Structure formats: structure tokens, C-alpha cells
Amino acid sequence: MELPKDPAILLSYINTQLRDFYPSFSELCKSLCIDGTQVTEKLLSIGYKYDSTLNKFI
């Protein structure tokens with residue numbers, strides 16, 4: 001799956017998917033066959049990290 005390249009758009013996309021379809025980031029990564037480490041690093045570059053309690057990047 002091709003993810004958005006822009007980190008802000010990626011953030012919006014990932015958080016929407018987590019809110020609407022997936023109970024965790026790891027489930028999202030498995031289902032979409034994406035590398036969670038790359039996504040996490042890209043979102044960390046703009047100051048966001050995954051909060052498992054809220055199930056979103058904040």
C-alpha cells in the first residue's frame with residue numbers, strides 16, 4: 001500500500017484509520033502490510049508519537 005509522503009497528511013491518514021478501523025497500531029500495520037518503524041520515524045520527525053492508551057499519534 002502506498003502511504004502519503006507528506007508527514008502531516010500521513011498523520012491524518014493513520015489516525016483516521018486507527019479511529020475508524022483498527023484497535024492498535026500493530027494491527028493496522030499487519031493489515032495494511034506496512035513497516036510500522038518507518039511510519040513511526042516519519043511521524044516522530046514532526047513531533048508525534050503513538051499513544052496506545054488513546055490509540056492515536058499525539
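In this predicted model, helix H1 and helix H2 meet through a small cast of side chains: Tyr 13, Ile 14, Gln 17 and Leu 18 on the H1 side, and Phe 25, Leu 28 and Leu 32 on the H2 side. Sorted by character, the residues of this contact come out as six nonpolar, one polar and no charged. As for geometry, two packed helices are generally described by the angle between their axes and the distance between those axes. Here the H1 and H2 axes come within 10 Å and cross at roughly 105°. An angle from 65 to 115 degrees counts as roughly perpendicular, so that is how H1 sits relative to H2.

Several residues of that helix pair turn up again in the largest nonpolar core, which has 14 residues. Ile 14, Leu 18, Phe 25, Leu 28, Ile 34, Val 39 and Phe 57 are the members that touch the most others. Three helices each put at least two residues into this core: H1 (7-20), H2 (25-32) and H3 (36-44). In soluble globular proteins, nonpolar side chains tend to be buried together.

Ile 34 is worth a look of its own. Leaving aside residues up to four places away in sequence, Ile 34 touches Leu 3, Ile 14, Leu 28, Cys 29 and Val 39. Of these partners, Ile 14 and Leu 28 also take part in the contact of H1 with H2, and Val 39 is listed with Ile 34 among the best-connected core members.

Zooming out, the protein chain has three helices and two strands, and from the N terminus on they run α-α-α-β-β. The radius of gyration is 10 Å, close to the 10 Å that the globule rule gives for 58 residues, so the chain is as compact as a globular protein of that length. Along its principal axes, the C-alpha trace spans about 25 × 25 × 20 Å. Buried residues make up 33% of the 58 in the chain. As for how the chain comes back on itself, take the contacts with a separation of 6 or more: residues 24 or more positions apart account for 48% of them.

Ala 8 gives one example of parts of the chain that are far apart in sequence. This residue lies in helix H1, and its C-alpha atom is separated by 9.9 Å from that of Tyr 48, 40 residues away along the chain. With a relative accessible area of 47%, Ala 8 is partly exposed, because that value falls between the 20% limit for buried and the 50% limit for exposed.

How values were computed
Residues numbered from 1 in each chain as written. Predicted model: local features only at pLDDT ≥ 70, side-chain atom pairs only at ≥ 80, totals over all residues. Heavy atoms only, no water. Core = buried A, V, L, I, M, F, W, Y, C linked by side-chain atoms within 4.5 Å. Buried < 20%, exposed > 50% of the residue type's maximum accessible area, 1.4 Å probe, protein only. Helix = DSSP H or I, 4+ residues; strand = E, 2+ residues; numbered from the N terminus. Contact = heavy atoms within 4.5 Å. Axes fitted to C-alpha atoms, helices over the stretch in contact; angles between N-to-C directions. Parallel < 35°, antiparallel > 145°, perpendicular 65-115°, else oblique. Nonpolar A, V, L, I, M, F, W, Y, C, P; charged D, E, K, R; others polar. Rg over C-alpha atoms; globule rule 2.2 N^0.38 Å.
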